[in-house]
Amino acid sequence: RPLATPLHLALSYDEEVGCLGVRRLIAQIAPRPNRPKLCIVGEPTMMRPATGHKGKRSFRCHVHGLECHSAIAHLGVNAVEAAAELVAHLKTMARRKRGEGPFDPAFAPPYTTVHTGVIRGGTALNIVPKECAFEFEFRLLPQEDADALEDEIRAFARRRLLPEMRAVAPATDIRFEPLSGFPGLDTPEDAEVTRLAAALSGANGTEKVSFGTEGGLFHEAGIPTIVCGPGSIGEAHKPDEFIALEQIAACEGFMRRLFHRVAA
């Protein structure tokens with residue numbers, strides 16, 4: 001059909017491991033004088049417009065200690081124990097966010113979360129471990145200061161742990177390696193893209209989602225964005241994930257109504 005308004009499909013790669021591919025695409029289109037007027041990201045929202053999602057920062061922490069026989073543990077620096085203290089402080093941060101906020105009741109859960117997902121270290125029970133590494137993440141409300149959270153865990157390592165470690169062995173260290181990250185999305189309810197998605201979907205009202213999408217990157221680049229797509233995140237990332245046929249049908253209806261709007 002001839003179009004009165006241009007319509008583009010953006011196809012990206014490696015979204016699941018840090019929204020990697022879309023960054024090059026956005027870098028090319030954002031500076032253009034005819035950049036997109038708005039963006040709809042088709043992540044699973046049961047075809048309800050989502051005006052917001054959480055941001056993310058993830059890290060791998062490397063703890064380098066000094067190994068020795070466990071019978072003379074006082075002469076070594078236990079990397080596993082130092083890592084455990086860092087993980088415990090992250091848990092303290094998680095409890096603080098859960099109890100003190102800030103809060104946004106549109107999200108579930110309505111606060112920033114702190115999560116440790118992987119930890120590896122040690123070689124044998126009778127050896128003070130030299131190395132330990134663990135991976136953790138922040139899932140941030142859009143208004144949350146990500147730098148402040150990162151600074152807190154780095155400061156805990158620098159002030160609380162490293163002086164004790166280096167008093168035994170000056171070459172010991174704690175390093176934080178960034179893994180991935182993307183900004184949160186917070187689109188106003190009265191934005192044009194929000195009103196358009198509501199009209200096309202026929203949904204009553206909007207929502208916010210706790211999972212991340214590429215939408216925050218489009219929005220950060222000055223392209224108003226909303227998330228709206230078929231299926232449920234509860235049916236994703238597990239065996240036999242699926243999208244129900246009625247959701248596919250609802251998405252097809254959304255696209256047909258979109259074509260009617262942009263066609264000549």
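**Buried threonines, helix faces and backbone features of the model**

Apart from its neighbours within four places in sequence, Thr 45 is in contact with Ala 50, Glu 207, Val 209, Val 227, Cys 228, Gly 229 and Gly 231. The structure described here is a predicted model. Thr 45 is found in the loop that runs between strand 1 (39-41) and strand 2 (50-53). Its relative accessibility is 4%, and Thr 45 therefore counts as buried. The side chain of Thr 45 also reaches the backbone oxygen of Arg 48, at 2.7 Å. Met 47 lies in the loop between strand 1 and strand 2 as well. This residue is not a glycine, yet its phi is positive, at about 60 degrees. With a relative accessibility of 6%, Met 47 too counts as buried.

A second buried threonine, Thr 213, has its place in the loop between strand 8 (207-209) and helix 5. Thr 213 counts as buried because its relative accessibility is 0%. Two polar contacts involve its side chain. One is made with the side chain of His 53, at 3.1 Å, and the other reaches the backbone nitrogen of Gly 215, at 2.8 Å. When neighbours within four places in sequence are set aside, the residues in contact with Thr 213 are Glu 15, Cys 19, Val 41, Glu 43, His 53, Phe 182 and Val 227. Val 227 is thus in contact with Thr 45 and also with Thr 213.

The overall form of the protein was then examined. Six helices and nine strands are present. The radius of gyration is 23 Å, well over the 18 Å that the globule rule gives for 264 residues, so the protein is more spread out than a compact globule. Along the principal axes, the C-alpha atoms fill a box of roughly 80 × 40 × 35 Å. Of the 264 residues, 40% are buried. Among contacts between residues at least 6 apart in sequence, 80% join residues at least 24 apart. The protein exposes about 14400 Å², of which carbon and sulfur atoms supply 55%.

Helix 2 spans residues 79-100 and has 22 residues. The distance from its first C-alpha to its last is 31 Å, close to the 32 Å expected at 1.5 Å a residue. The buried residues of helix 2 are Ala 79, Ala 82, Ala 83, Leu 86, His 89, Leu 90, Met 93, Ala 94 and Lys 97. Viewed down the helix axis, these buried residues fall within an arc of 150 degrees, so they line one face of helix 2. Glu 81 and Gly 99, on the other side of helix 2, are exposed. The buried residues pack against four strands and a helix, namely strand 3 (55-64), strand 4 (113-121), strand 5 (131-140), strand 6 (173-182) and helix 3 (146-168).

Both ends of helix 2 carry further features. At the N-terminal end, Asn 78 acts as a cap, with a side-chain oxygen 3.0 Å from the backbone nitrogen of Val 80. After the helix comes Gly 101, whose phi is positive, near 75 degrees. The peptide bond from Gly 101 to Pro 102 is cis, with omega near 15 degrees. Pro 102 is found in the loop between helix 2 and strand 4. Pro 109 lies in the loop between helix 2 and strand 4 too, and a cis peptide bond, with omega about 0 degrees, joins Ala 108 to Pro 109. In general, most peptide bonds are trans, and most residues other than glycine have a negative phi.

In helix 1 (residues 21-29), the buried residues are Gly 21, Val 22, Ile 26 and Ile 29. They cover an arc of only 120 degrees around the axis and are therefore placed on the same side of helix 1. The face turned away from this buried side carries Arg 24, Ala 27 and Gln 28, which are exposed. The buried residues of helix 1 pack against helix 5 (215-220).

Asp 14 belongs to the segment before helix 1. Its phi is positive, near 55 degrees, although the residue is not a glycine. At 42% relative accessibility, Asp 14 counts as partly exposed, whereas Met 47, for which phi is also positive, counts as buried.

Methods
Residues numbered from 1 in each chain as written. Predicted model: local features only at pLDDT ≥ 70, side-chain atom pairs only at ≥ 80, totals over all residues. Heavy atoms only, no water. Helix = DSSP H or I, 4+ residues; strand = E, 2+ residues; numbered from the N terminus. Expected span 1.5 Å × (residues − 1). Buried < 20%, exposed > 50% of the residue type's maximum accessible area, 1.4 Å probe, protein only. Arc of directions from axis to C-beta. Contact = heavy atoms within 4.5 Å. Polar contact = N/O pair within 3.5 Å; in protein donor to acceptor, adjacent residues only side chain to side chain. Rg over C-alpha atoms; globule rule 2.2 N^0.38 Å. Areas by Shrake-Rupley, 256 points an atom, 1.4 Å probe, with all protein chains shown as cover.
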